[in-house]
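Here's a quick tour of a protein chain for you to follow along with. Keep the picture open while you read, and find each residue as it comes up.

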Amino acid sequence: MGATMRVLMMIAMAASLVSVSYAATGTATFYTPPYVPSSCYGFQNNGVMIAAASDAIWGNRAACGRNYRVTCTGRTNLGVLQPCRGSVVVKIVDYCPPGCRGTIDLSQEAFAIIADPNAGKVNIEYHQV
């Protein structure tokens with residue numbers, strides 16, 4: 001294999017490592033309507049694919065408007081043995097104050113996409129998109 005080909009392969013491998021995204025872990029809970037007013041947008045309606053951020057990601061309102069992909073990874077209790085259904089992208093529109101039970105408090109509709117609502121709280125991976 002020529003030197004040029006080896007260099008090109010090394011560059012391709014390095015580029016693929018850079019594109020790997022990092023997912024944080026935490027928990028998700030849900031809240032129910034009404035979803036307005038919200039800490040970020042007041043009485044502006046942002047639909048139902050929304051969430052409230054805990055102190056872990058709030059950043060003194062820096063999280064407002066960010067989109068996160070949230071994926072259920074497993075149960076947090078013995079109530080529902082296999083709660084996970086998938087993932088969802090949500091927009092941060094609100095703040096979940098200290099004492100918040102989850103890293104991300106999803107709208108009821110968003111939670112139902114990733115997990116069985118009867119679970120109430122699930123383990124998740126999440127990253128900004």
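What follows is a short briefing on the fold, the disulfides and the cavity.

Keep in mind that this is a predicted model. The protein chain has 129 residues, and its secondary structure adds up to three helices and six strands. On top of that, you'll find three disulfides and one cavity of 30 Å³ or more.

**The overall fold**

- Starting at the N terminus, the elements of the protein chain come in the order α-β-β-α-β-β-β-α-β.
- How much of the protein chain counts as buried? That's 35% of the 129 residues.
- If you take the contacts in the protein chain with a separation of 6 or more, 77% of them involve residues 24 or more positions apart.
- The protein chain has an accessible surface of about 7,300 Å², and carbon and sulfur atoms make up 58% of that.

**How the disulfides are paired**

- Count the bonded cysteines along the chain and you get the pattern 1-2, 3-4, 5-6.
- In other words, Cys40 goes with Cys64, Cys72 goes with Cys84, and Cys96 goes with Cys100.

**Cys40 and Cys64**

- The sulfur atoms of Cys40 and Cys64 sit 2.0 Å apart, and a pair within 2.5 Å is what it takes to be a disulfide.
- Which parts of the chain does the pair of Cys40 and Cys64 tie together? Cys40 is in the loop between β1 (24–31) and β2 (50–53), while Cys64 is in the loop between α2 (55–58) and β3 (67–75), so the link ties together parts that are 24 residues apart in sequence.
- The torsion about the S-S bond of Cys40 and Cys64 is about -75°, which means that this disulfide is left-handed.
- Cys64 counts as partly exposed because its relative accessibility is 23%, and buried would need a value under 20%.

**Cys72 and Cys84**

- Cys72 and Cys84 have their sulfur atoms 2.0 Å apart.
- Is the link of Cys72 and Cys84 left-handed or right-handed? With -60° about the S-S bond, the link is left-handed.
- Cys72 lies in strand β3 and Cys84 in the loop between β3 and β4 (87–95), so this pair ties together parts that are twelve residues apart in sequence.
- Cys72 has a relative accessible area of 8%, so Cys72 is buried.
- Cys84, with a relative accessible area of 31%, is partly exposed.

**Cys96 and Cys100**

- Here the S to S distance between Cys96 and Cys100 is 1.9 Å.
- The torsion about the S-S bond of Cys96 and Cys100 is about 95°, so you're looking at a right-handed disulfide.
- Are the two cysteines of this link buried or exposed? Cys96 counts as buried at 8% relative accessibility, whereas Cys100 is partly exposed with a relative accessible area of 21%.

**The cavity**

- The largest cavity has a volume of about 40 Å³.
- Which residues line the largest cavity? Go looking for Tyr35, Val36, Ser38, Gln44, Asn45, Asn46, Gly47, Ile50 and Val93.
- That lining divides into four nonpolar residues, five polar ones and no charged ones.
- Among the lining residues is Ile50, and β2 covers 50–53, so you can use that strand to find your way there.

Definitions and conventions: Residues are numbered from 1 along each chain as its sequence is written. This is a predicted model: local features need pLDDT of at least 70, side-chain atom pairs count only at pLDDT 80 or more; totals for chains, interfaces and linings use all residues. Side-chain values use heavy atoms; hydrogens and water are left out. Helices (H or I, at least four residues) and strands (E, at least two) are DSSP runs, numbered from the N terminus. Buried means under 20% relative accessible area, exposed over 50%, partly exposed in between (1.4 Å probe, protein chains only). Contact means heavy atoms within 4.5 Å. Accessible areas come from the Shrake-Rupley method with a 1.4 Å probe; for residues, only the protein chains shown count as cover. On a 1 Å grid over the protein atoms alone, a cavity is a set of points where a 1.4 Å probe fits but cannot get out, and a pocket is an open set with protein on both sides within 12 Å along at least five of seven lines; lining residues have an atom within 4 Å of a point. Grid points are joined across faces, edges and corners, and a volume is the space filled by probe spheres set on the points. Ala, Val, Leu, Ile, Met, Phe, Trp, Tyr, Cys and Pro count as nonpolar, Asp, Glu, Lys and Arg as charged, and the others, Gly among them, as polar.
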